[in-house]
Amino acid sequence: QEILRNIPCWPGKEQLAPDLGLCYNMRTMKKECMNMSDCLFCKIISGDIPSTKVYEDELVYAFRDIHPQASTHVLFVPKAHIPDAQAITAENARLVAHIFTVIPQVARQLGLEEGYRVVTNCGKHGCQSVQHLHFHLLGGNQLSETMA
Ligand code: AMP
């Protein structure tokens, strides 16, 4: 139960992916779910705000960034509301690992054979603007050597 309490949830999911160790009972998580009602990416995942979907499975949603910073700019978000990289824990790390198995598949589908960059911004100094963990996939053209 203690472990389950630490795993975030999202509306509409009763139980999820027991193979990834992310199975839990929605009732115990209700309070945290309510805190997500204002989250832009939770609304995109639920379809309340439109997006251009690139990939979806039961754990992750990927869509085109509305202000692309490269020829290809896709955002990968866990359906579970994890606020940022600082909130990655031993309990939810398998979800992040899953996203990192999806990224190369999608990169291949999008024709990024020449390479790409994966970035997550965290907090004020990282210029994070949406408080729901996400990974930027940038590619399709030569990116700058500098990262900051
Ligand atoms: P970050 O600044 O790292 O938190 O990234 C947030 C990203 O979300 C930015 O690159 C925005 O352009 C992008 N973004 C904001 N609103 C939307 C939206 N409605 N649809 C798609 N991307 C969005």
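The following questions and answers examine the ligand site and several individual residues of a predicted model.

Residues are numbered from 1 along each chain as its sequence is written, and side-chain values use heavy atoms, with hydrogens and water left out. Because the model is predicted, local features need pLDDT of at least 70 and side-chain atom pairs count only at pLDDT 80 or more, whereas totals for chains, interfaces and linings use all residues.

Q: What makes a residue part of the group that surrounds the ligand, and how many residues surround it?
A: A residue is near a molecule if one of its heavy atoms lies within 4 Å of it. In this model 16 residues surround the ligand, and the closest are D65, N121, S129, H134 and H136. The shell around the ligand divides into 8 nonpolar, 6 polar and 2 charged residues. In this division Ala, Val, Leu, Ile, Met, Phe, Trp, Tyr, Cys and Pro count as nonpolar, Asp, Glu, Lys and Arg as charged, and the others, Gly among them, as polar.

Q: Which polar backbone atom lies 2.7 Å from an oxygen atom of the ligand, and why is this called a polar contact?
A: The atom belongs to S129. A polar contact is a pair of N or O atoms within 3.5 Å; within protein, one must be able to donate a hydrogen and the other to accept it, and residues adjacent in sequence count only if both atoms are side-chain atoms. The distance of 2.7 Å to S129 is therefore a polar contact. A backbone N or O atom of I66 lies 3.1 Å from a nitrogen atom of the ligand, and one of C127 lies 3.3 Å from an oxygen atom of the ligand. Taken alone, the ligand exposes 500 Å², of which the protein buries 85%; these areas come from the Shrake-Rupley method with a 1.4 Å probe, and for residues only the protein chains shown count as cover.

Q: Which element gives the most residues to the shell around the ligand?
A: Helix α3 does, with 3 residues. Helices (H or I, at least four residues) and strands (E, at least two) are DSSP runs, numbered from the N terminus.

Q: Why is H136 called buried?
A: Buried means under 20% relative accessible area, exposed over 50%, and partly exposed in between (1.4 Å probe, protein chains only). H136 has 10% relative accessibility and therefore counts as buried. H136 belongs to strand β5 (residues 135–139), and its side chain makes a polar contact of 2.8 Å with the side chain of H73.

Q: Why does N92 count as buried?
A: Its relative accessibility is 2%, so N92 counts as buried. N92 is found in the loop between β3 (72–78) and α4 (93–109), where its side chain reaches the backbone nitrogen of T89 at 2.8 Å.

Q: Why is D48 called exposed?
A: Because its relative accessibility is 61%, D48 counts as exposed. D48 lies in the loop between α3 and β1 (53–56), and a polar contact of 3.2 Å joins its side chain to that of S46.

Q: Why is F100 called partly exposed?
A: At 41% relative accessibility, F100 falls in between the two limits and therefore counts as partly exposed. F100 is found in helix α4. The C-alpha atoms of F100 and F135 are separated by 9.2 Å, although the two residues are 35 apart along the chain.

Q: Why is C127 called exposed?
A: C127 has a relative accessible area of 61%, so C127 is exposed. C127 is found in the loop between β4 (116–119) and β5. Its phi is near 60 degrees, a positive value in a residue other than glycine.
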